[in-house]
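Biologist: I'd love a close look at one part of this protein, a single helix and whatever sits around it. Could you walk me through it?

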Amino acid sequence: MSKSVKEPKPDWIRIKLTTGDNYEDIKNMMRSKTLHTVCEEARCPNIYECWANRTATFMILGDICTRACRFCAVNTGMPTELDLGEPERVAEAAERMNLRHCVVTSVARDDLKDGGATIFEETIKAIRTRTPLCTVEVLIPDFLGDAESLQIVMNANPDILNHNIETVERMSDRVRAKAKYRRSLELLQRAKTMKPDIPTKSSIMLGVGEEWEEILQAMDDLRTVDCDILTIGQYLQPSPSHLRVEKYYTPEQFAQLKEEGMKRGFSHVESGPLVRSSYHAHEQVKSAKSNKEGVNM
C-alpha cells in the first residue's frame, strides 16, 4: 500500500521572517520576566511580523494546558501551582512595550475552580494601572460553561471579550477537546447579556474538513449571539501528530468570506490565510468601533 504524500503548502502561505532589534528585545524581555506568549507556544506564523512591530499576545496561567485539542501546539498535561505574580509581570511588560492594545489569553485550566478567571481579572486591572490608555482584549477559554467565572472577567471590563468557536459545528468535537460548539455560543451570548457595551469576538480556522455552507452557518450562529468581530484563517498543521490539513483556501476565497461576514452585520471581519485571532488586533478594534458608530448614526 502506498504512503500518502503530504500536500505542499501553496505559494500564498508564506511567513515573513523579520527579526531585528524589536524582535530580539521582546524575546529577551519575555524570558527575563518568565512570561509566555501564545505567539511562541502555538507556533504562530505571524510571530516575526508582530514582534518586529512590538505587539504580542501574552499567555497567562502557565504554559501547560489541561486539554489536548487536535489543532493546537501548546503543551498539555497537569499544570503546576498558580503564579500569583504573573499579572503584575504582564503589566510591566506591556508598559515597557508601550502598548496601545494588549491581548491576554491563557491555557485552559480545568483544574481550577474558577478556570483562572480571577487571574484574568487581576491581569486586566494591573495593565490598566500601569498603562491607563492601553485597551485590553482577553481571549478566554470556556470555563466549562461556568457563568460565575465569566462574570469575574466581565466585571473587570475588558475592552474586547474574545472566545473562539474554532471550527464549524459538525467538526467541533473532532477538533476541540472538552469544548462544545453550543457552549461557546452560549458564553458569547452571556457576555453580551452581562455587559452589552463590551464588543465580543470569535475566530474560525479553515481546512480541517468543513464545507463552505457550514462556514456560512457558523457566521450566522455567531451573529445570532450578537458577536461583533470575526477572524478567519487557514489551519496549518503544527506537527505530524496533529490534525492534517484537508484543504488550503485561496486568498480569493478568504476575501469572499470577508464579504459574507460583513453582509451579515459583523462590525469587522479579518480574513486571510495567515490571519490568527490576535493578528492586527489593534486595527480590528478601531475598525469595529468606527463601523459600529456609523451604524448608530
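Modeller: Happy to, and what follows is a tour of helix 9 and then of some of its surroundings. Please keep in mind that this is a predicted model, so each value below is computed from predicted coordinates.

Let's start with the helix itself. Helix 9 covers residues 212-224, which makes 13 residues. At 1.5 Å a residue, a helix of that length should span 18 Å, and the end C-alpha atoms lie 19 Å apart, so the two values agree. Past the end of the helix comes D226, which has a positive phi, near 65°.

Now for the side that faces inward. The buried residues of helix 9 are E214, I215, L216, A218, M219, D221 and L222. An α-helix has 3.6 residues a turn, so residues three or four places apart point the same way. You can look for that spacing in the list, for instance with I215, A218 and L222, which are among the buried residues. The partners of this buried set are helix 7 (169-175), helix 8 (181-194), strand 8 (200-206), strand 9 (229-234) and helix 10.

Let's take a few of these partners in turn. Helix 7 holds S172. With a relative accessible area of 1%, S172 falls under the 20% cut-off and therefore counts as buried. Leaving aside residues up to four places away in sequence, S172 touches T167, A179, K180 and Y181.

Helix 10 runs over residues 251-263 and includes M262. Here the relative accessibility is 33%, so M262 counts as partly exposed. M262 and I229 are 33 residues apart along the chain, and their C-alpha atoms are separated by 9.7 Å.

Helix 8, another partner of helix 9, brings us to a cavity. The model has one cavity of 30 Å³ or more, and the largest cavity has a volume of about 50 Å³. Its lining is made up of D142, F143, G145, D146, A147, L150, R183, E186, L187 and R190. Two elements, helix 6 (147-155) and helix 8, each give two or more residues to that lining. Helix 8 provides the largest share, four residues. By type, the lining of the largest cavity divides into four nonpolar residues, one polar and five charged.

So, to retrace the route on screen, begin at the buried residues of helix 9, step across to S172 in helix 7 and M262 in helix 10, and finish at the cavity lining to which helix 8 contributes four residues.

How values were computed:
Residues numbered from 1 in each chain as written. Predicted model: local features only at pLDDT ≥ 70, side-chain atom pairs only at ≥ 80, totals over all residues. Heavy atoms only, no water. Buried < 20%, exposed > 50% of the residue type's maximum accessible area, 1.4 Å probe, protein only. Expected span 1.5 Å × (residues − 1). Contact = heavy atoms within 4.5 Å. 1 Å grid on protein atoms, 1.4 Å probe; cavity = no way out; pocket = protein on both sides within 12 Å on 5 of 7 lines; lining within 4 Å. Points joined across faces, edges and corners; volume = space filled by probe spheres on them. Nonpolar A, V, L, I, M, F, W, Y, C, P; charged D, E, K, R; others polar.
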